[in-house]
Structure formats: C-alpha cells, structure tokens
Amino acid sequence: MRRNRISFYILLSFVLVFTSCLKDDDTTTVYPSDAAITSFVLGNLKQYVTTKAKSGADSTYTKTLTGSKYKFYIDQVKYEIYNADSLPYGTDVKRVVCTITAKNSGTIAIKKVASDTLLYYNKTDSIDFSTPRNLKVFSLDGSNVVDYTVNVNVSKELPDTFIWKNISSQAYFAEAAAMKSMSCGSKMFVMVSNGISSTLYGSDEADGEEWAPMEWNINMPIPGNAHENFVSNNKKLYFYCGNDILRSEDGNYWEKTASAYLSRLVAAYDEYLYALDLQGKLVSSTDEGATWQTEALDSDASLLPTQDVSYCIIPSAIHPDTKMILLVGNRNTSHYPDDDQAQVWAKVIEGDDADEPWMYVSTNDLDHLKLPRLSSLHAVSMGKNILATGGTGIGACIDEGFSRLFYSNDGGIYWRTVSGYRLPANFESSNAFTMATDSHDNVWMFCGRNGFVWRGHATGTSESNPSAITQ
C-alpha cells in the first residue's frame, strides 16, 4: 500500500506538470477537465452459508458469487455509488476486487478508512467495503476533482427465515374467548369476542402498539360470534349481523347494504362476497348481499369447511389478472369426528370471469403433506405462498397446538415445514388466536392467554421457494 501511495502522488504530480508543457513550438496538448466515475463493477465474492445438518448441528460452507450480476447505480448529482439490491446475507465485503472506470481515463484514488490519506486505485488490489468508502476522481488536466461515496449493501437477514417482533401485549386479547383479524387499507382490525358480545379494535399497520376500540353506530350489540362473519376485500370491511350485511371503510361507521338469510360469511374478494347459506351451499353476491347465486363445486358440498374458516387471495404466476381464492377450515366436529385434516377449496378467477367451479383440494394419499385439522386454524397468503397454523388437533388429528408453521407454494395442495419458517420463540396462545397479513405481506399474530401481538416477515423473495424444506 505504501508503494501505491507514493506512485499515486508521483502520477498526480506528473499530470499537473505535463499539462503545462508544450509538445513543440506550435502545438499545445490540451487534456480534458471532466472528472466522473462512469462504471463500478464487483468481481467474484465469497459468501459464507450456514446450514443445519440432520443431526441438528450447524455447519458452514463457502460459495462463490459473481459480483457483476449485482448492478451498481451511480448518482451523478449526489455523487453516490450503491447497489439497490443487497448482496446475500453472509457475503464477505472486506476484501473486494472491483473494476472502476473514470471518464476520459481520469485518475482514481480511494481514501483510507481511518485517515485522509489517498491510495492510488489498482483494479487488482482488494478493498474493504464493510463501511462506506470515499473515492476521488481527478480530471486529466488536474483542474477538477470529484468525491464519491460508495456503499456496498449486504442483507442483514438470513434468507428463507421468518423474523418476528413482539409489538405489544393487550389485556383484551389475553382475555378473549375468540378473535378474528383483518387487514383493510393501511389498518389492522381485530374482532374480539368475550363469548357473549364482541368489540372491534383497530391500529395502523405501521404501529401495532396502540389499539383503539372502534365506534359502533348500529342500534344493536355486536354478537359474540361476530368473528365468524367478519371479512374484508382490502378496501372495505363486511360483517353479517342479525340477518343484515353491514359495510365499513374505517371500522367506525357502518351502514347496511342488504338483508340475507345466511349461515355465515366466509370470504370477500373485489366485488364478490362469499357465504354459506342455511342449506350449507356456498353462495356468492356481487351487489353487497342484495342477491345471491349458488357457486358450482367439483365435489360434494359436505366437504366444505364450516368452522375455523379463513381465506386467502393468491396472484397467479402465469397472468397478472388471474387470482386464486382459497377457503381453508374444518368441518363440524360433532358431525365429522374422524377427520384428521383440514378442508381446502380453491377457485380461479380470470379477470372478470368468475365462472370456474370451486375445486376441492385433497391430499389423502400423502399423509405427511396434509394440513392437519387444528383448532383455531388460520391460513394467510404471503405473496404467492400460504402460511397456516393453529391450536391443538381436533377429531382424529393428534398434532400439538401451535407446534409449527405450515407452508404451501402450490395453492394449498401440499403443506410442508420450512426450517427457517418458525413460530416466534416462546410462542404461546390459547385457542383464542388469529392471524392476518397486512398490505406489505407482514404476518400478524394475536394471542389469547398472554395478549401478545407479533409481527413478522419472511426474508428473501416470496417469488422463490424456501431452500430448506423438510418433509
């Protein structure tokens, strides 16, 4: 490095002296005065990856990353160089070889981390980018110098991992007999039942620490089973109460849209409301409950879930206008005591075409990939994938309560356990439990018994499949 520093000063002095010399008596050599970095490309990088062996022990191996695949942006106004897409977690950026190009072959120098000493840039020397670094580029005529700050961003989170944060603890969640949560706009709502009546609480999704009871302008109490009839299409909340369909945009002011005789509301998407009628048929409405049509099913209606029902909206990987709606839940325990798995149904909607029948999704032939029949079962969408969990197994299901997160990336056909997707450490809840996804694909969990509010997100991209899947 001392040799590089001396060479740099000699070179800079040479540029300044040489520009004032005459090539001959009649010709003057003029050098450009522009100074700018025009390209910044990383060479190969080392990434240290830690995995868990079958024995449970951690092991670490090294892999090589092609640095040129990560694009760097050069802001010529703020004089900043950075990568918008972070390098993967575990990438070593303390010894980085990179190719930096200057306009008109200007001279490039890098300032030392702990002093103002400048070192001549050499594309074969490694540079420590674990902290922001200052680059200087000098024009060929020596009249101009520009300072750039280089930030090489590395992800601080393990890939394919769920990161959880305990946002708050609320007494009314701890004391709940049952709950149901919904996202609407930029707010999260939780319908809390004490077994006799219910109260709706709301909080901004950016907050989660402060929860306020919503006002109620309807001249009747909110019934104790309100959580069973609470849905959202992400723009409006809907609630079935006393044979009336009620609608609200903010959770405070509610208005009646129609009257209907239903067993319960089960889902909402765009202009569609879905419900089970008094005969157990799955019906839909596109006019907020004024009229209802029977939905076509590819299997017997007796397989429809009637309790612990949640729904997910999943975008198609094939076309942006195609969506899939999933109903996930359990059948009535007293009528079907021998079920050991949940009931999953799916419907494809292509643009405005919602005529496709509902498909019954069954995995009876692969017991280890079933979604178990869990009490307080909840399923939520996370991008194109689905997460589900619940309490103690019911009927013929003997699963322990809240023992794991189940993951599906194929529309609810197969449910796996992903090593990095776990419930929060020391998680506990009574069967008064609910889960929802907000507008940023953060997953929220609301727990009975301790009243904890958890918010979590998955690292990596929801478009890819987690790499560490166990069967």
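The paragraphs below go through a predicted model of a protein, from its overall make-up to its salt bridges and a few individual loop residues.

The protein has 471 residues, and buried residues make up 46% of them. Its secondary structure consists of two helices and 36 strands. Where contacts join residues at least 6 apart in sequence, 57% of them are between residues at least 24 apart. The accessible surface amounts to about 23100 Å², and carbon and sulfur atoms account for 49% of that area.

On the surface there is a patch of negative charge. Its members are Asp 270, Glu 271, Asp 321, Glu 350, Asp 352, Asp 353, Asp 355 and Glu 356. One of these residues, Asp 321, sits in the loop that runs between β25 (307–315) and β26 (322–330). Asp 321 has a relative accessible area of 48% and is therefore partly exposed, because that value falls between the 20% limit for buried and the 50% limit for exposed.

The next topic is charge pairing. Side chains of opposite charge can pair when their charged atoms come close. The structure contains eleven salt bridges, and three of the pairs are taken up here one by one.

One salt bridge is formed by the side chains of Lys 136 and Asp 147, at 2.5 Å from N to O. Lys 136 belongs to strand β10 (residues 133–138) and Asp 147 to strand β11 (residues 145–151), so this pair ties together parts of the chain that are eleven residues apart in sequence. With a relative accessible area of 37%, Asp 147 is partly exposed.

Another salt bridge is made by Arg 247 and Glu 288, whose closest N and O atoms are 2.5 Å apart. Here the pair links distant parts of the chain, 41 residues apart: Arg 247 is in strand β19 (residues 244–248), while Glu 288 is in the loop between β23 and β24. Arg 247 counts as buried because its relative accessibility is 17%, and buried means under 20%. The backbone of Glu 288 also deserves a look. Most residues other than glycine have a negative phi. Glu 288, however, has a positive phi, near 60°. The loop that holds Glu 288 lies between β23 (282–285) and β24 (293–294).

Asp 340 and Lys 370 form a salt bridge too, with 3.4 Å between the closest N and O atoms. Asp 340 is in the loop between β26 and β27 and Lys 370 is in the loop between β28 and β29, so the pair ties together two parts that are 30 residues apart in sequence. The two partners differ in burial: Asp 340 is partly exposed at a relative accessible area of 33%, whereas Lys 370 is buried at 12%. Some salt bridges share partners, and in this way Arg 247, Glu 255 and Glu 288 are joined into one network.

Which residues surround Asp 340, apart from its neighbours within four places in sequence? Asp 340 is in contact with Lys 370, Pro 372, Arg 373, Ala 396 and Cys 397. The loop of Asp 340 leads from β26 to β27 (343–350). Leu 374 is 34 residues from Asp 340 in sequence, and their C-alpha atoms are 8.6 Å apart.

Ser 376 is located in the loop between β28 (359–361) and β29 (378–382). Like Glu 288, Ser 376 has a positive phi in a residue other than glycine; for Ser 376 the value is near 55°. The side of burial is clear from its relative accessibility: at 10%, Ser 376 counts as buried.

The last residue is a glycine. Gly 208 lies in the loop between β15 (198–204) and β16 (212–213). Is Gly 208 buried or exposed? Gly 208 is buried, because its relative accessible area is 0%. Leaving out neighbours within four places in sequence, the contacts of Gly 208 are with Ile 167, Ser 168, Ser 203, Trp 444 and Val 453. Val 453 is 245 residues away along the chain, yet the C-alpha atoms of Gly 208 and Val 453 are separated by 7.6 Å.

Notes. Residues are numbered from 1 along each chain as its sequence is written. This is a predicted model: local features need pLDDT of at least 70, side-chain atom pairs count only at pLDDT 80 or more; totals for chains, interfaces and linings use all residues. Side-chain values use heavy atoms; hydrogens and water are left out. Helices (H or I, at least four residues) and strands (E, at least two) are DSSP runs, numbered from the N terminus. Buried means under 20% relative accessible area, exposed over 50%, partly exposed in between (1.4 Å probe, protein chains only). Contact means heavy atoms within 4.5 Å. Accessible areas come from the Shrake-Rupley method with a 1.4 Å probe; for residues, only the protein chains shown count as cover. Patches are made of residues with over 30% relative accessible area and no salt bridge: like charges are joined within 9 Å, nonpolar side chains (Val, Leu, Ile, Met, Phe, Trp, Tyr) within 5 Å. A salt bridge is a side-chain nitrogen of Lys or Arg within 4 Å of a carboxyl oxygen of Asp or Glu. Lys and Arg count as positive and Asp and Glu as negative; His and the chain ends are not counted. The place of a charge is taken as NZ of Lys, CZ of Arg, CG of Asp or CD of Glu.
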